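Subject: Structure handover

Hello,

Here is the structure I promised to pass on. Please open it next to this email and read along.

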Amino acid sequence: MIERTGPMDLTVLVTDRDSVPMHTGAVVIFEGPPPGADEVRALLHERVPGIPRLRQTLRRTPIGCGRPIWVDDPDFSIDRHLTRLDWPAPDSDRSLFDVATGLLCRPLPADWPLWSATVVTSGERAALVVVLHHVLADGLGGLAILAALADERSGAGAVRAFPRRPPTVWQLAGDATGEKWRALRALPGDLRRGWAGLHELGIGRGVPRRAERISLVRPTSRRRELARVTAGLDDVVAVAHRHGGTVNDVVLAAVTGAMLDGLHARGEWPGHLVVSVPVSGRDPADAGSLGNNTGVRPIVVPAVTDDAGRLAGIVAATAATRRTVRASSAAPLGWAFRALHRTGLFAMFIRHQRLVHTFETNVRGPASALHIGGHRIGALVPMVATPGNVGVTFAALSYAGNLVVSMITDPDLVPERDAMAGALHRSFARLAAAK
């Protein structure tokens, strides 16, 4: 069996050309007596074989042999991927998040499976920082990997023979030829989906061609910082129902409220904010079926200070986008990004783009708490590293009755991280109080 990267995986690889690598991840914070590094190592040694992609490397193919392939790493070892660090004093969330974002922004060895796990411990606390290259899995896939590592073992597959022999050049060439014929037969449908994708990207439905200039959109550095804001999921659902929207509509209203507070403090008063929201085009992933199939929907948010009014504008905007075919923008977006890459213009494009002001992703996580080795996971904090010129991005994840929103900032562009996190907390509070 030949396992190739998909078209959107190629887009991810093309995008990985700037200040920070295209990584996603999570900070797993344990509650109660913490596990030790040796215990975590034993559990990973037992459970990683049920997630084939974690023991595979990405290989380029010869000319004429098609897209890159995933092959088993015959030298795979947990010890290559697992490290232990001391939790910096004081034992605070902030010091933990500083460690986590440092790991998030560190390139992974290209000739190893593209992930790492780091146990961060103090005398009484422990956390596990997991980092994945985005080509390995999107947000849903990352959550599936975590679920397969947990004691509950949701999505874990049967352990297959390892290592499997990589395909020969002749096998790759034959498979690539077959894929080309299949692509030709599918071309009419792909063109129709590509046309629909233009609508999902906002072309023809009121999304401005150029986003207004703001100081939060400038070429970013190699560093990131993270702040976490937590809201009760039931409270957020109640706000969404009261205003006829979704949980993500409420998140969009809160994060844009925080951005507006920060911009107003800088003396900037934009008329709107454009938020890029990823949209998955596949069923919930399991740990045996990873990769990327994601489009984007740019949402134009009116820059009004009234939270209820801003939420009403978001609900109207997202209702219009839901009439588009989910993730249909993946095709035209991929075509455009890969064309820019071939012409050598992609790096310049992402460092100077004027299409969006920020990115916001939202993944629905487990409704009940997970455990690893009998240790309860008290909190899951999502992370994303976005290259280019966007100084603040947001990642939301629901887990065990709470909604966690991570605000990931470039400290050079957003030195007021704590003030903006406080504004985000107040935005959720005002939305909960709004009638």
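Below are notes on the cavities, one sheet, the cysteines and the salt bridges.

Please keep in mind that this is a predicted model.

**Cavities**

The structure has 4 cavities of 30 Å³ or more. The largest has a volume of about 50 Å³. Its lining consists of Leu 44, Leu 54, Trp 115, Ala 117, Leu 128, Val 130, Leu 132, Ile 145 and Leu 149. By class that makes 9 nonpolar residues, with no polar and no charged ones. Three elements supply at least two lining residues each: strand 6 (115–121), strand 7 (126–133) and helix 5 (139–149). Strand 7 gives the most, with 3 residues.

The second largest cavity holds about 50 Å³ of space. Around it sit Val 40, Leu 43, Leu 44, Leu 128, Leu 149 and Ile 372. Here helix 2 (residues 37–47) gives the most, with 3 residues. This lining has 6 nonpolar residues, and again no polar and no charged ones. Look at Leu 44, Leu 128 and Leu 149: they line the largest cavity and also the second largest.

**The sheet**

Next, find the open sheet of 6 strands. Its order is 5-6-7-2-13-12, and the pairing is mixed. Strand 5 (82–86) and strand 12 (371–372) stand at the edges. Each has a single partner strand, so one side of each is left without a neighbour in the sheet. For strand 12, look to strand 13 (residues 375–384): the two pair in the antiparallel sense, over 2 bridges. In one bridge, Ile 372 has His 375 of strand 13 as its partner. Ile 372 is also one of the residues that line the second largest cavity. Strands 6 and 7, which sit side by side in the sheet order, both contribute to the lining of the largest cavity.

**Cysteines**

How many disulfides does the structure hold? The number is 0. Two cysteines are worth a look all the same. Cys 65 counts as buried, because its relative accessibility is 3%. Cys 105 has 12%, so this residue counts as buried too.

**Salt bridges**

There are 24 salt bridges in the structure. Start with Arg 47 and Glu 46. Their side chains meet at 3.9 Å, N to O. Are the two partners buried or exposed? Arg 47 is buried, with a relative accessible area of 8%. Glu 46 counts as partly exposed, at 48% relative accessibility.

Then go to Asp 410 and Arg 224. The closest N and O atoms of this salt bridge are 3.8 Å apart. The pair links distant parts of the chain, 186 residues apart. Asp 410 lies in the loop between strand 15 (402–409) and helix 12 (417–433). Arg 224 lies in the loop between helix 6 (169–200) and strand 8 (225–232). Asp 410 is buried, with a relative accessible area of 0%. Arg 224 is buried as well, at 6%.

A third salt bridge joins the side chains of Arg 417 and Glu 225, at 3.7 Å, N to O. Arg 417 is in helix 12 and Glu 225 in strand 8, so the pair ties together parts that are 192 residues apart in sequence. Both residues are buried.

Last, there is a network. Glu 3, Arg 53, Asp 72, Arg 160 and Arg 164 are joined into one by salt bridges that share partners.

Best wishes

Technical notes:
Residues are numbered from 1 along each chain as its sequence is written. This is a predicted model: local features need pLDDT of at least 70, side-chain atom pairs count only at pLDDT 80 or more; totals for chains, interfaces and linings use all residues. Side-chain values use heavy atoms; hydrogens and water are left out. On a 1 Å grid over the protein atoms alone, a cavity is a set of points where a 1.4 Å probe fits but cannot get out, and a pocket is an open set with protein on both sides within 12 Å along at least five of seven lines; lining residues have an atom within 4 Å of a point. Grid points are joined across faces, edges and corners, and a volume is the space filled by probe spheres set on the points. Helices (H or I, at least four residues) and strands (E, at least two) are DSSP runs, numbered from the N terminus. Ala, Val, Leu, Ile, Met, Phe, Trp, Tyr, Cys and Pro count as nonpolar, Asp, Glu, Lys and Arg as charged, and the others, Gly among them, as polar. A disulfide is a pair of cysteine sulfur atoms within 2.5 Å. Buried means under 20% relative accessible area, exposed over 50%, partly exposed in between (1.4 Å probe, protein chains only). Two strands pair if DSSP finds at least two bridges between them. A salt bridge is a side-chain nitrogen of Lys or Arg within 4 Å of a carboxyl oxygen of Asp or Glu.
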